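Open the structure in your viewer and keep the selection tool at hand. The tour below goes from stop to stop, saying what to select and what is found there.

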Amino acid sequence: MKTIGLIGGMSWESSLEYYRIINEGVKSRLGGLHSAQCILYSVEFAEIELYMRKNEWQKISQALIKVAGKLESAGADFILLCTNTMHKFAEEIQGAIDIELLHIAEATAVEVNRANIKKVGLLGTRPTMEQEFYNKTLQNNGIQVVIPGPADREITHNVIFQELCLGKITPESKNEYKKIINGLIKQGAEGIILGCTEIPLLIKPKDSPVPLFDTTYIHAMQAVNKSLAN
């Protein structure tokens, strides 16, 4: 079994899901008392979020590169960055280490293509929805991306940081997200990418009339498969 390195804490609510899914996945494959061999480094999210608000992105990049190096030194065979937004720095992190960083958007693109879906709606933090780094990865895999309008992007982003990252789940926010999903479907989306690792805490498959792509689950299961591959 290969050792999985996890860069977590952004937020710990979703990092908890990574840990659960990965260990359940290993147990399902191997049975008995088997569990995942992994190393988790959980960052202090308040510092990261402050850098985001101050638009000091390079400080975040430097911090994550340092963490990735620590995981490599600790014996990780490959690394998962347990957040969609921070894949903004995926290339920089990969360039600073000698082990593989499994890219969440690449893993998700594989599943979207496997479902034979050509156009998806993307929900996530404001940077994930608006900046090129995530959309470009999907588009390079032949997937067309639509995002919510400005007001709905604001709602989506604020629910993530003001509620989901704090473990707060409300029916009001679920209804808002369902309306936003329906708006994306009206734009032609055949499926919806839950492009923030906290969104699956709020939105479940029954909440959408089209397929949902849970990036937390997809990414975590990719790690299980790689860890157990011969």
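Residue classes come up at several stops: Ala, Val, Leu, Ile, Met, Phe, Trp, Tyr, Cys and Pro count as nonpolar, Asp, Glu, Lys and Arg as charged, and the others, Gly among them, as polar. The model is predicted, so local features need pLDDT of at least 70 and side-chain atom pairs count only at pLDDT 80 or more, while totals for chains, interfaces and linings use all residues. Residues are numbered from 1 along each chain as its sequence is written, and side-chain values use heavy atoms, with hydrogens and water left out.

**Stop 1: the largest pocket**

Select H87, E91, H103, F133 and T137; of the 15 residues lining the largest pocket, these lie nearest its centre. A pocket is an open set of points, on a 1 Å grid over the protein atoms alone, with protein on both sides within 12 Å along at least five of seven lines; a cavity is a set where a 1.4 Å probe fits but cannot get out, and lining residues have an atom within 4 Å of a point. The space in this largest pocket is about 320 Å³, where a volume is the space filled by probe spheres set on the points, and points are joined across faces, edges and corners. By class, its lining has four nonpolar, five polar and six charged residues. Now add helix 4 (90–96) and helix 7 (132–140), each of which supplies at least two residues of that lining. Helix 7 gives the largest share, five residues. Helices (H or I, at least four residues) and strands (E, at least two) are DSSP runs, numbered from the N terminus.

**Stop 2: helix 5 against helix 7**

Keep helix 7 and select helix 5 (residues 104–114): their axes come within 9 Å and cross at roughly 35 degrees. Axes are lines fitted to C-alpha atoms, for helices over the stretch in contact, and angles run from 0 to 180 degrees between N-to-C directions. In helix 5, I104, A105, E106, T108 and A109 meet Y134, T137 and L138 of helix 7; contact means heavy atoms within 4.5 Å.

**Stop 3: the second largest pocket**

Which residues are the closest to the centre of the second largest pocket? Select P200, I203, K204, D214 and Y217, which are the closest of the 15 that line it. About 270 Å³ of space lies here. Helix 1, strand 8 (212–214) and helix 10 each give two or more residues to the lining.

**Stop 4: helix 1 against helix 10**

Select residues 12–30 for helix 1 and residues 215–228 for helix 10; the two pack at an angle of about 45 degrees, with axes 9 Å apart. That angle makes helix 1 oblique to helix 10. Among the contact residues are I21 and G25 of helix 1 and A220 and V224 of helix 10.

**Stop 5: the cavity**

The structure holds one cavity of 30 Å³ or more. Its volume is about 70 Å³. Select M10, F45, M52, T83, T85, M86, T125, I160, F161, C165, C196 and E198 to see the lining.

**Stop 6: two backbone details**

Most residues other than glycine have a negative phi, and most peptide bonds are trans. Select M10 and S11, which are joined by a cis peptide bond with omega of about 0 degrees. Last, select N55, in the loop between helix 2 and helix 3 (57–74); phi of N55 is near 60 degrees, a positive value.

How values were computed: Angles under 35 degrees count as roughly parallel, over 145 as roughly antiparallel, 65 to 115 as roughly perpendicular and the rest as oblique.
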